[in-house]
Amino acid sequence: MSFRYNIRLIALALTVGLSLFRNDKTYGSGIEGYVEPTPGVFQHKVEEKFITRITYEFRPGYVARTDSFLKGNNYARQPFGFAESHHLKLSFQAAPGTLFSKLYASSYQGIGISYNDLGHHHEIGMPWGIYVFQGARIVNLFPVFSLFYEWNFGISSGWLYSHKQLNPYNTSISSRTNAYLNVNLIFLWSISRTFDLSAGFSLTHFSNGNTRQPNSGVNIISGNVGLTYNFGRDIEFHDSNSGRGNLIFSKNMVYEIVAFGSWKRRGILKIGQYTSEVVNSKPFGIAGISFAAMYNMNHRLRLGAALDLVYDASANVTYDKYQYAPKLEYHIPPFGKRVSAGIAAKFDYVMPYFTVSLGLGIETLRVSEDYSRFYQSLTLKTDLTERLFLNLGYRIRDFSLPSFLMLGVGYRFGKAYR
């Protein structure tokens with residue numbers, strides 16, 4: 001696909017997006033003091049005006065050399081180094097000075113598209129991405145100069161992936177389409193009523209979530225510089241750190257139940273009659289359920305604990321690595337040897353439309369002694385209604401070993417819901 005054709009697609013996406021994000025739109029829920037999401041109660045009803053933002057961002061960076069392929073074991077016999085990406089982002093934000101903006105630290109959210117150049121195009125491609133993102137102010141440093149954070153979560157495609165004949169050295173990427181995760185620290189300078197300049201630092205990760213092997217992934221450390229145009233922002237465009245309106249917040253409990261599933265593959269050493277090789281296993285299913293009891297500390301923070309039950313069809317599965325047959329035969333254990341249970345501490349950061357959840361757990365019922373009993377999870381919850389949400393998460397062990405994706409839906413109980 002040519003670069004000009006990509007530019008036309010980008011222009012079309014922006015045109016459609018602008019028709020959806022009209023800056024004269026106001027939002028009000030009709031409940032006591034609309035704000036989303038807060039378990040508190042406002043003493044007055046509010047309607048929030050939102051503004052539309054378009055951002056171009058350039059990220060020059062460095063590919064972290066985390067495996068032999070990236071270190072130089074490739075066709076070019078050269079290590080990976082410089083990388084760059086270009087981003088176009090469409091977002092909306094509560095108008096500065098409004099109650100919504102003050103409560104959620106000038107938060108903004110939207111959709112972005114990206115084009116990535118990592119070098120070594122004939123072995124890794126020139127992937128593109130589409131993602132959702134959200135950011136908010138951490139602190140005001142000066143009246144029109146602030147430090148923001150931003151996360152991106154989406155998919156990237158167009159990768160050239162590992163293939164034992166066509167691309168044998170590539171041990172980083174084994175799927176054409178991969179998950180995209182990114183976090184940014186951004187210094188933002190509001191130079192006028194309509195324009196913002198930004199600069200900062202970014203960390204990016206690409207991988208397929210263990211759905212195919214090999215799966216070492218690609219990590220990029222980069223800077224970021226950007227220019228944002230704000231439609232309909234008033235002259236009084238600065239929010240102070242203080243002032244959250246007449247808010248009465250009631251601390252209470254909220255309960256969530258999440259059902260999730262996915263699949264994974266294992267890398268298997270197969271020793272044939274004349275050669276040996278690492279091959280992908282067949283896909284094994286993952287299914288799980290999690291019940292969490294959370295306490296609302298304030299309108300942005302929930303703390304609690306969760307009970308996690310997981311069925312991993314690959315657990316304790318064995319095979320004969322000396323099989324000469326083209327297709328491996330697996331020895332499947334009983335159902336009970338593939339089920340685990342654990343308890344986890346949960347930390348939820350609650351913002352409009354999205355909640356970022358961190359879990360730190362320990363298995364009380366283990367499926368295998370080969371793995372550590374300590375596990376971690378990072379999850380993005382996206383509200384569909386006040387109670388129903390999408391669950392997109394990833395579980396790892398020992399803060400480094402990938403386990404599986406958690407793709408599902410959740411339901412929220414209690415008075416303190418969105």
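This note goes through the strands, the pocket and the cavities of a predicted model.

1. The barrel. Eight strands make a closed barrel, in the order S12-S15-S16-S19-S20-S21-S22-S23, and their pairing is antiparallel. On average, neighbouring strands in this sheet are turned by 25° against each other, with direction ignored. The next points take up some of its strand pairs.

2. S16 and S19. Strand S16 covers residues 301-312 and strand S19 covers residues 339-350. Eleven bridges connect S16 and S19, in the antiparallel sense. One place to look is Ala306, whose bridge partner in S19 is Ala344.

3. S21 and S22. Strand S21, residues 374-383, pairs with S22 through nine bridges, again antiparallel. The two strands form a hairpin, and four residues lie between them. Across this pair, Thr382 has Leu390 of S22 as its bridge partner.

4. S22 and S23. S22 also pairs with strand S23 (residues 401-413), in the antiparallel sense and over ten bridges. Tyr394 stands opposite Leu405, a residue of S23. S22 and S23 form a hairpin with three residues between them. In that turn, Asp398 has a positive phi of about 55°.

5. Burial of S22. Why is strand S22 described as largely enclosed by the rest of the structure? Strand S22 spans residues 388-397, and seven of its ten residues are buried, so the strand is largely enclosed. Buried here means under 20% relative accessible area.

6. Cavities. How many cavities of 30 Å³ or more does a search of the whole structure find? The search finds six. The second largest of the cavities holds about 190 Å³ of space. Its lining consists of 17 residues, and Ser290, Asp308, Lys346, Thr379 and Asn391 are the closest to its centre. The elements that contribute two or more residues to this lining are strand S12 (253-264), strand S15 (284-296), S19, S21 and S22. These five elements also appear in the strand order of the closed barrel. Sorted by class, the lining of the second largest cavity has seven nonpolar, five polar and five charged residues.

7. S5, S6 and S7. A separate look at lower residue numbers is useful before turning to the pocket. Strand S5 (residues 108-117) pairs with strand S6 (residues 125-142) over eight bridges, in the antiparallel sense. Within this pair, Gly110 stands opposite Phe133 of S6. S6 is also joined to strand S7 (residues 145-159), by 14 bridges, and S6 and S7 run antiparallel. Gln134 stands opposite Trp151 in S7. S6 and S7 form a hairpin, with two residues between the strands.

8. The largest pocket. The largest pocket contains about 1,500 Å³ of space. Which residues lie nearest its centre? They are Asn152, Phe153, Gly154, Leu181 and Leu378, out of 50 that line the pocket. Asn152, Phe153 and Gly154 fall within the residue range of S7, and Leu378 falls within that of S21. The lining of the largest pocket divides into 29 nonpolar and 21 polar residues, with no charged ones. For the second largest cavity, by contrast, the lining includes five charged residues.

Definitions and conventions:
Residues numbered from 1 in each chain as written. Predicted model: local features only at pLDDT ≥ 70, side-chain atom pairs only at ≥ 80, totals over all residues. Heavy atoms only, no water. Pairing = 2+ DSSP bridges. Axes fitted to C-alpha atoms, helices over the stretch in contact; angles between N-to-C directions. 1 Å grid on protein atoms, 1.4 Å probe; cavity = no way out; pocket = protein on both sides within 12 Å on 5 of 7 lines; lining within 4 Å. Points joined across faces, edges and corners; volume = space filled by probe spheres on them. Nonpolar A, V, L, I, M, F, W, Y, C, P; charged D, E, K, R; others polar. Buried < 20%, exposed > 50% of the residue type's maximum accessible area, 1.4 Å probe, protein only.
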